[in-house]
Amino acid sequence: MILTVTMNPSIDTRYQLDKLIIDDVNRVTPEKTAGGKGLNVSRVLLQLGDDVLATGLLGGHMGAYMAELMDADGVKNDFVPIAGETRICLNILHEGNQTELLESGPQIAPAELEAFTAKFAELAAKADVVTLSGSLPRGVDAGYYAELVKIAELRAQGAARHLGCIAGAALESNAKPELVKPNLTEINGLLGTSFTTDDVDALREALAADGRFAGIPWVVVSMGAAGSVGFHEGRAFRAKTPAIAAVNATGSGDSTIAGFAHAIAAGADDVTVLKTANTCGKLNAMDPKTGHLVMDRWDEIYNSVEVVEL
Ligand code: ADP
């Protein structure tokens with residue numbers, strides 16, 4: 001089973017408008033999704049045929065509705081109830097623009113977080129792979145992912161737990177996930193650099209020199225349409241894919257995490273792991289739905305992804 005964690009889920013509501021008229025009435029038809037990075041990962045894993053369980057925090061009427069949306073998607077879920085209301089995020093697509101209104105989400109009480117930590121320990125013990133992604137809600141310390149990484153490691157029975165997360169705070173600690181996948185902007189923010197997609201050698205050196213990445217078996221830096229670079233226990237790979245006109249690249253990083261979780265759980269070799277992850281990211285960019293792959297083009301896209309060892 002692959003366990004996905006979404007600590008600050010949202011009911012994502014999308015409105016498509018020809019033109020957004022400011023200071024007047026806009027009539028819209030909503031499209032609602034069980035949102036949050038971990039839920040995007042969950043939906044893609046379902047498409048890949050994995051046994052997935054989603055967990056996190058859910059509250060109030062919005063939380064109950066969110067559970068209905070997950071059920072409708074076929075995403076098995078076991079969330080911890082909280083007193084606050086699960087948030088709503090609005091995404092307005094208009095005139096080629098994407099205007100987003102994101103609620104910050106509920107404040108989490110210490111007892112609620114304790115209940116989640118206990119739930120996580122119970123579920124992680126049954127999981128082959130755990131993915132951690134997305135922002136943490138108010139009331140949850142920035143170092144919380146590191147705590148979850150340590151719990152997942154402790155609970156590992158035989159097979160190692162594998163985690164995909166980008167959380168600077170998790171990197172600061174001695175808790176080492178199996179895999180981290182920042183994108184290029186995030187890695188430049190973490191390193192204080194301004195690398196472009198052409199600076200692979202310099203990126204490799206900078207990562208090797210930065211103690212925060214020491215001991216993390218897989219470090220992958222995704223680069224949008226330019227593919228990704230992956231470092232695994234001393235080996236370095238560049239993954240490239242022919243350009244496409246992206247329909248909706250939101251959720252491509254989450255889809256990539258799903259690909260990593262899927263391939264690593266299946267015990268795939270390094271090249272297959274990277275090909276699978278990049279295929280998932282690209283197939284998501286080709287699909288109008290966030291966290292959804294154009295599965296009928298799997299073979300074509302998988303075969304077009306080129307992975308070379310550096
Ligand atoms: P994030 O969503 O975390 O910022 P990226 O934008 O780097 O992640 O996308 C993750 C992966 O998805 C990339 O490594 C690539 O394989 C694929 N991808 C994303 N956007 C495109 C695109 N426009 N064309 C082809 N592949 C894409």
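This report describes the overall form of the protein and its aromatic ring pairs.

**Overall form**

The structure is a predicted model. Its secondary structure consists of 10 helices and 13 strands. The protein is as compact as a globular protein of 310 residues, because its radius of gyration of 19 Å is close to the 19 Å that the globule rule gives for that length. Measured out along the principal axes, the extent of the C-alpha trace is about 55 × 45 × 40 Å.

Buried residues make up 53% of the 310 residues of the protein. Among contacts with a separation of 6 or more, 67% join residues that are 24 or more positions apart. The exposed area of the protein is about 13,700 Å², and carbon and sulfur atoms supply 52% of that area.

The protein carries 25 positive and 40 negative charges. The mean position of the positive charges and that of the negative charges are 1 Å apart.

**Aromatic pairs**

How many aromatic pairs does a search of the whole structure find? The search finds four. A pair of aromatic rings is described by the distance of the centres and the angle of the planes. Two of the pairs are set out below, each with its helix.

| Pair | Centre distance | Plane angle | Class | Helix |
|---|---|---|---|---|
| Phe116 and Phe120 | 6.3 Å | 35° | tilted | H3 (residues 110-124) |
| Trp298 and Tyr302 | 6.0 Å | 20° | stacked | H10 (residues 298-304) |

In helix H3, Phe116 and Phe120 are four residues apart, about one turn of the helix. Their planes stand at 35°, an angle between the cut-offs of 30 and 60 degrees, and the pair is therefore tilted. Is Phe116 buried or exposed? Phe116 counts as buried, because its relative accessibility of 0% is under the 20% cut-off. Phe120 is likewise buried, with a relative accessible area of 0%. Phe116 and Phe120 also belong to one aromatic cluster, together with Tyr144.

The second pair lies in helix H10, where Trp298 and Tyr302 are four residues apart, about one turn of the helix. The planes of Trp298 and Tyr302 are at 20°, which is under 30 degrees, so this pair is stacked. Trp298 has a relative accessibility of 18% and therefore counts as buried, since the cut-off is 20%.

Terms used: Residues numbered from 1 in each chain as written. Predicted model: local features only at pLDDT ≥ 70, side-chain atom pairs only at ≥ 80, totals over all residues. Heavy atoms only, no water. Helix = DSSP H or I, 4+ residues; strand = E, 2+ residues; numbered from the N terminus. Rg over C-alpha atoms; globule rule 2.2 N^0.38 Å. Buried < 20%, exposed > 50% of the residue type's maximum accessible area, 1.4 Å probe, protein only. Contact = heavy atoms within 4.5 Å. Areas by Shrake-Rupley, 256 points an atom, 1.4 Å probe, with all protein chains shown as cover. Lys, Arg positive; Asp, Glu negative; His and termini not counted. Charge placed at Lys NZ, Arg CZ, Asp CG, Glu CD. Phe/Tyr/Trp six-rings, centres within 6.5 Å; stacked < 30°, edge-to-face > 60°.
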